Amino acid sequence: MTSLSPEGLNGLLAWLQEAQLGLRALLHALGLAPDLHGQPAWPFAQRIAGEMLALDAGHARQVATSLACLLLALLTVAVSLFWRRARYGLWTGAVAVLLLAPWPDSRLLLAPAVPTSLHTSPSGFTADSIVRGQAVYQQQCLRCHGADGKGEGVDAAQLPMWPPTLNGSLLWKRLDGELFWRIRHGMQARDGSTTMPGFGQQLSDTQVWQVLDYLQANASGQTLQESGAWTYPVRMPDARVLCRQGAHRTLRELTGQRLRIAAEDSNLQDDPRLVTVHLGAAAPDAECQADVPALRTALALVVGVPAAQLAGNQLLVDRGGWLRARGQPGKAAWSVDDLVCRTTTVASAAPKGDGLDGLIRRMDDEPVRLLRGGFPH
Ligand code: HEC
């Protein structure tokens, strides 16, 4: 049995996610899914296990085939309403299709859910939110999770279990809304004993979303430093900008254009292929300028360097708002190796050339997408 193509798998996951969100919206409209922390609650104890589907293309194919069988059976029954003479044959066919469908094990299909499972962060991944989240982390989390997020804080050794490293893939395997829940309510071992305390009393909802933004920025920077790549796509942190032309007030409003973020490099000339955003001091007629201290802190986290070493770095942002390439200080020209966030699904063989043109062609032709808990985000 061939397995599902990556595009097919993404399509299936997007469709299942839409179906879950649609169900939640319907229940909300009927008054069956009350508001909780500003978004409709998920009223069920289970949700679709996107992470299992994303992990195992064979299993995903089985689910897709079963869904197709279900659709076919429903269609057959619908036809039987109009073609009455053939109805017994059609019903037998529908039953046979349902019996023959390769129904997956429900333990693989469903995962335990919490009321905020489908919640999404309202923070907008702004530089401000990341920096505020950093302060929350240092106050509340650092003692166990450690300054670097690897789980070796001063209190960690006394805990019944070591905190996990938050710098690897863990955050991306989870749904945002479930991490939100765990930070508010804490976590328990199988025997019911507390492994991590909850922070629902100490932290506001906003602060919990902020600390999650910080964790993601920090984990991205650590991954880049350790593996040389942003294995998981990182959005460009948002901040206010001042541009020579146009009335753009935030970086997010520039989505749709390619950006080049230049840290403390006032000599950089404009380039018609992208919008240059100067971080910090720039020539008075600079194309765009972002003189927001929080953005420098946030970008230093995302790159994984101390803020004092950010100067001279350049970052390229694609039209979707994703950070894609990093130019290190002192390097004269761009090369394809600077593309540190690559797509895993499109392996295009067409030659793209080198240099900035080659990078731009790749960013445009090979968009990336963020998965959280298997679902597109
Ligand atoms: C008293 C020590 C302690 C403190 C304080 C603490 N944690 Fe934890 N944290 C843990 C332990 C232990 C685990 C592993 C728990 C488990 O797997 O049952 C954990 C797990 C996690 C996880 C992984 C959750 C998952 O889905 O697997 C995240 C994220 C996390 N902590 C974030 C935070 C944040 C954010 C704070 C501060 C607001 C914080 N922690 C404060 C001990 C702590």
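**Exercise 1. The shell around the ligand**

Task: In this predicted model, establish which element gives the largest share of the shell around the ligand, and then describe the shell by its elements, its residue classes and its polar contacts.

Solution. Step 1: Helix H6 supplies the largest share of the shell around the ligand, namely five residues.

Step 2: The whole shell consists of 22 residues, and the closest of these to the ligand are Cys141, Cys144, His145, Arg182 and Met196.

Step 3: Turning to class, 16 residues of the shell are nonpolar, while three are polar and three are charged.

Step 4: The polar contacts are then read off one by one, with a cut-off of 3.5 Å between N or O atoms. His145 places a polar side-chain atom 2.7 Å from a nitrogen atom of the ligand, whereas Arg174 has a polar side-chain atom 2.6 Å from an oxygen atom of the ligand. For Thr195, a polar side-chain atom lies 2.7 Å from an oxygen atom of the ligand. Two or more residues of the shell come from each of helix H6 (127-145), helix H8 (176-185) and strand S6 (194-196).

**Exercise 2. The pocket that holds the ligand**

Task: Determine which pocket corresponds to the space taken by the ligand, and describe the lining of the largest pocket.

Solution. Step 1: The ligand takes up the space of the largest pocket.

Step 2: The volume of this largest pocket is about 860 Å³. It is lined by 41 residues, of which Pro164, Leu179, Arg182, Met187 and Met196 are the closest to its centre.

Step 3: The elements that contribute two or more residues to this lining are strand S4 (110-112), H6, helix H7 (170-173), H8, strand S5 (187-188), S6 and helix H9 (205-227).

Step 4: By class, the lining of the largest pocket comprises 27 nonpolar residues, together with seven polar and seven charged ones.

**Exercise 3. The sheet of seven strands**

Task: Work out the strand order of the open sheet of seven strands, and examine how S10 is joined to S11.

Solution. Step 1: The seven strands of the open sheet follow the order S7-S13-S12-S9-S10-S11-S8, and their pairing is mixed. At the edges stand strand S7 (234-235) and strand S8 (242-243), each of which pairs on one side only.

Step 2: Strand S10 (residues 275-279) and strand S11 (residues 288-290) run parallel and are joined by three bridges. Within S11, Ala290 is the residue that stands opposite Leu279.

**Exercise 4. The cavities**

Task: Find how many cavities of 30 Å³ or more the whole structure contains, and compare the classes of residue that line them.

Solution. Step 1: A search of the whole structure gives two cavities of 30 Å³ or more.

Step 2: The largest cavity holds about 50 Å³ of space, and its lining is formed by Met236, Leu251, Arg252, Leu254, Thr255, Gln257, Leu259, Val317 and Gly321. Five of these lining residues are nonpolar, three are polar and one is charged.

Step 3: The second largest cavity has a volume of about 30 Å³, and among its lining residues are Ile261, Ala262, Ala263 and Leu279. Leu279, already met as the residue opposite Ala290, thus also lines the second largest cavity.

Step 4: Strand S9 (259-263) and strand S12 (314-317) each give at least two residues to the lining of the second largest cavity, with the largest share, three residues, coming from S9.

Step 5: The lining of the second largest cavity has seven nonpolar and two polar residues but no charged residues, whereas the lining of the largest cavity includes one charged residue.

How values were computed:
Residues are numbered from 1 along each chain as its sequence is written. This is a predicted model: local features need pLDDT of at least 70, side-chain atom pairs count only at pLDDT 80 or more; totals for chains, interfaces and linings use all residues. Side-chain values use heavy atoms; hydrogens and water are left out. A residue is near a molecule or strand if one of its heavy atoms lies within 4 Å of it. A polar contact is a pair of N or O atoms within 3.5 Å; within protein, one must be able to donate a hydrogen and the other to accept it, and residues adjacent in sequence count only if both atoms are side-chain atoms. On a 1 Å grid over the protein atoms alone, a cavity is a set of points where a 1.4 Å probe fits but cannot get out, and a pocket is an open set with protein on both sides within 12 Å along at least five of seven lines; lining residues have an atom within 4 Å of a point. A molecule sits in a cavity or pocket if more than half of its atoms lie within 2 Å of its grid points. Helices (H or I, at least four residues) and strands (E, at least two) are DSSP runs, numbered from the N terminus. Ala, Val, Leu, Ile, Met, Phe, Trp, Tyr, Cys and Pro count as nonpolar, Asp, Glu, Lys and Arg as charged, and the others, Gly among them, as polar. Two strands pair if DSSP finds at least two bridges between them. Grid points are joined across faces, edges and corners, and a volume is the space filled by probe spheres set on the points.
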